[in-house]
Amino acid sequence: MKYVPKELPEGINAPRTNVLAEMALLAGALVAVAVGLFWVLGLAAERLAVRTSPELEAAIGERFPLADVGRPVSGREREVLDALLAHTPYEPARFELRVVCGADDANAFAVPGGRLVVLDPLLDAVRSENELAFVLAHELGHFHHRDHLRALGRGLVLVAVLTAVGTGGDFAASLVARSAVAVSHRFSQRQELAADRYAAELVQRAYGHAGGLTDFLSHPALDDAGGWFGTHPASRQRVEALERLARERGWQAGAVTPYRRSPALCPD
């Protein structure tokens, strides 16, 4: 008997499901797992950050990309910082004030481990010690709330998650470096406003009044497009929040203390 093969129906070997749809579903599941992992580990990193000892924080600061930026300050600017620290539980020796000469932006930031860095155009912009005190106290507020370590911890978690899903290597190393620098400059709006409140309380205790508390935020030579304003929430919102806080606490305004920049800060 001669064998006659049967004709198979057309498309019998075609997949019963859409390959692209399955790939999209798999990719979505992977993203969901990565996001969930980042969220859970991020919360754990934040809880560890608030429990970090001063010694460990100092060790982290020594290895931070911006650890050696600028030059130490020992003039009147340092005295303003020490006057603020006298109203905190922190020892002045824990903190170092540094200035970056020849910078383009009027900015200030803090580095984990106890370094407060001021770019010299900001010192040219402030008109009273009260303004300078507010900026320094704001950065101390970030230290107090451990904002730097919280953000750095989340950055490291992000790199770990990317590595786990196969995106590591040089990209991860580059991301760590860039994230570390960003930690010194940007925080959430909630964190910035909390640092403002901390600064207001500290300046009021140091000077005995709230005079000049919002002067720097209203500086006509600065705007929200760059410098210290460019890395912080809108100044109008911050001024309103501080004025509301002053009313609630019954703080009185007083005469501000003129600021004279130390000539030895950035010698020619």
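In the predicted model, helices H3 and H8 pack at an angle of about 100°, and their axes lie 9 Å apart. Since angles from 65 to 115 degrees count as roughly perpendicular, H3 and H8 are therefore roughly perpendicular to each other. The contact is made by Val80, Ala83 and Leu84 on the H3 side, which meet Leu202, Val203, Ala206 and Tyr207 of H8.

Helix H3 comprises residues 76–85, of which Glu77, Arg78, Val80, Leu81, Leu84 and Leu85 are buried. These residues cover an arc of only 155° around the axis, which puts them on the same side of H3. The partners of the buried residues of H3 are not confined to H8: the packing also involves strands S2 (96–100) and S4, together with helices H4 and H5.

Helix H8 spans residues 189–207, a run of 19 residues. From its first C-alpha to its last, H8 reaches 27 Å, close to the 27 Å expected at 1.5 Å a residue. Its buried residues are Gln191, Glu192, Leu193, Ala194, Ala195, Asp196, Tyr198, Ala199, Ala200, Leu202, Val203 and Gln204. Two of these, Leu202 and Val203, also take part in the contact with H3. Gln204, likewise located in H8, has a relative accessibility of 19% and therefore counts as buried, the cut-off being under 20%. Beyond residues up to four places away in sequence, Gln204 touches His209, Ala210 and Trp251. Just after H8, Gly208 adopts a positive phi of about 80°.

The strands S1, S2, S4 and S3 form, in that order, an open sheet of 4 strands with mixed pairing. Strand S1 (71–72) and S3 stand at the edges with a single partner strand each, so one side of each is left without a neighbour in the sheet. Strand S3 (residues 108–111) is joined to S4 (residues 115–119) by 4 bridges, and the two strands run antiparallel. Within this pair, Ala108 has Val118 of S4 as its bridge partner, and Ala110 stands opposite Leu116. The connection between S3 and S4 is a hairpin with 3 residues between the strands, and Gly113 in the turn has a positive phi of about 110°.

In a regular strand the side chains alternate between the two faces of the sheet. In S3, Ala108 and Ala110 lie on one side, and Phe109 and Val111 on the other. All four residues are buried, and both faces of S3 are thus covered.

Two further buried positions were examined around helix H5. Asn130 is found in H5 itself and, at 1% relative accessibility, counts as buried. With residues up to four places away in sequence left out, the contacts of Asn130 are Tyr207, His209, Gly211, Val256 and Thr257. Among these, Tyr207 is also one of the H8 residues that meet H3, and His209 is also touched by Gln204.

Val126 occupies the loop between helix H4 (120–125) and helix H5 (129–144). Its relative accessibility is 6%, and Val126 therefore counts as buried. Its contacts, again without residues up to four places away in sequence, are Glu131, Leu132, Phe216 and Tyr259. The C-alpha atom of Val126 is separated by 8.3 Å from that of His219, a residue 93 places apart from Val126 along the chain.

Definitions and conventions:
Residues are numbered from 1 along each chain as its sequence is written. This is a predicted model: local features need pLDDT of at least 70, side-chain atom pairs count only at pLDDT 80 or more; totals for chains, interfaces and linings use all residues. Side-chain values use heavy atoms; hydrogens and water are left out. The expected span of a helix is 1.5 Å times one less than its number of residues. Buried means under 20% relative accessible area, exposed over 50%, partly exposed in between (1.4 Å probe, protein chains only). Contact means heavy atoms within 4.5 Å. Two strands pair if DSSP finds at least two bridges between them. The arc is that of the directions from the helix axis to the C-beta atoms. Axes are lines fitted to C-alpha atoms, for helices over the stretch in contact, and angles run from 0 to 180 degrees between N-to-C directions. Angles under 35 degrees count as roughly parallel, over 145 as roughly antiparallel, 65 to 115 as roughly perpendicular and the rest as oblique.
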